[in-house]
Amino acid sequence: MRFNLHNNIIYYNLVARNYISVSTKKYENLIAMKPKMEKEVILSLIKDDLVNHKLLLGLDALGLRAADYYLNISDTIFSLMGFPENKDSDRIYEHYLELTQKARFLNISESQNQLNQLAQEIYLELTVHRSTLKNDR
């Protein structure tokens, strides 16, 4: 539950069973930060997925059956980015998997730069695809 009182927003915390007061300005700042925080979380998840892909590709190259250890982080990424579950998103997901194959050539132990750049590239690609899906509606 939320209501305003003298330039404060009052929340009732159901878990702690108490009221929390947040200034309207602070609340507006938190809301403004949300897209930036979401982007950082998504970028972090993409990097984690790339590291997982690199590990699995290396294990496969050694002849070990590593597919059972795929973490499905991409499902969370697509969900956070607001992709619907349809054939268009499936096509974009296939493209995402192609992009993650580039992880094979990263030397993660030497530099995080390559990992960060690839994660940024993938994030931008997904953002563009997401906006084209929204424009098609």
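What share of the 137 residues in the protein is buried? In this predicted model, buried residues make up 27% of the 137 residues. The mean pLDDT of the protein is 81, and 72% of the residues reach 70 or more. Over residues 1-5 the pLDDT falls below 50, and this stretch has 13 contacts in the model beyond near neighbours in sequence.

The protein contains four helices and three strands. Along the sequence these elements follow the pattern β-β-β-α-α-α-α. Of the contacts between residues at least 6 apart in sequence, 53% join residues at least 24 apart.

The nonpolar interior is considered next. In soluble globular proteins, nonpolar side chains tend to be buried together. The largest nonpolar core of the model has 27 residues. Within this core, the residues with the most contacts are Ile-46, Leu-50, Ile-77, Phe-78, Ile-122 and Leu-126. At least two core residues come from each of helix 1 (24-61), helix 2 (73-80), helix 3 (87-100) and helix 4 (113-136). The most is given by helix 4, which supplies seven residues. Ile-122 is in contact with Ile-46, Leu-50, Tyr-96, Leu-99 and Thr-100, when neighbours within four places in sequence are left aside. Two of these partners, Ile-46 and Leu-50, are also listed among the core residues with the most contacts.

The packing of helix 2 against helix 3 was examined in terms of geometry and contacting residues. Two packed helices are described by the angle between their axes and the distance between the axes. For helix 2 and helix 3 the angle is about 130°, and the axes are 12 Å apart. Helix 2 is therefore oblique to helix 3, because an angle of this kind lies outside the ranges for roughly parallel (under 35 degrees), roughly antiparallel (over 145) and roughly perpendicular (65 to 115). The crossing of helix 2 past helix 3 is right-handed. Helix 2 contributes Ser-74, Asp-75, Ile-77 and Phe-78 to the contact, and helix 3 contributes Ser-89, Ile-92, Tyr-93 and Tyr-96.

Ser-74, one of the contacting residues of helix 2, has a relative accessibility of 0% and so counts as buried. Not counting residues up to four places away in sequence, Ser-74 touches Asp-49, Tyr-93 and Tyr-96. Tyr-93 and Tyr-96 belong to the helix 3 side of the helix 2 contact. The C-alpha atoms of Ser-74 and Ile-42 are separated by 9.7 Å, with these positions 32 residues apart along the chain counted as their sequence separation.

A buried position is also found in helix 1, at His-53. Why does His-53 count as buried? The relative accessible area of His-53 is 8%, and the limit for a buried residue is under 20%. Leaving aside neighbours within four places in sequence, His-53 is in contact with Tyr-70, Leu-97, Thr-100, Gln-101 and Ala-103. Thr-100 is also in contact with Ile-122.

Two loop positions were characterised as well. Asn-72 lies in the loop between helix 1 and helix 2. Asn-72 has a positive phi of about 60° although it is not a glycine. The relative accessibility of Asn-72 is 38%, so this residue counts as partly exposed. Gly-82 is found in the loop between helix 2 and helix 3, and at 44% relative accessibility Gly-82 likewise counts as partly exposed. Gly-82 and Arg-130 are 48 residues apart in sequence, with a C-alpha to C-alpha distance of 7.8 Å.

Terms used: Residues are numbered from 1 along each chain as its sequence is written. This is a predicted model: local features need pLDDT of at least 70, side-chain atom pairs count only at pLDDT 80 or more; totals for chains, interfaces and linings use all residues. Side-chain values use heavy atoms; hydrogens and water are left out. pLDDT is the predictor's confidence in each residue, from 0 to 100. Contact means heavy atoms within 4.5 Å. A nonpolar core is a set of buried Ala, Val, Leu, Ile, Met, Phe, Trp, Tyr and Cys residues joined through side-chain atoms within 4.5 Å. Buried means under 20% relative accessible area, exposed over 50%, partly exposed in between (1.4 Å probe, protein chains only). Axes are lines fitted to C-alpha atoms, for helices over the stretch in contact, and angles run from 0 to 180 degrees between N-to-C directions. A crossing is left-handed if the near helix is turned anticlockwise from the far one by less than a right angle, and right-handed if clockwise.
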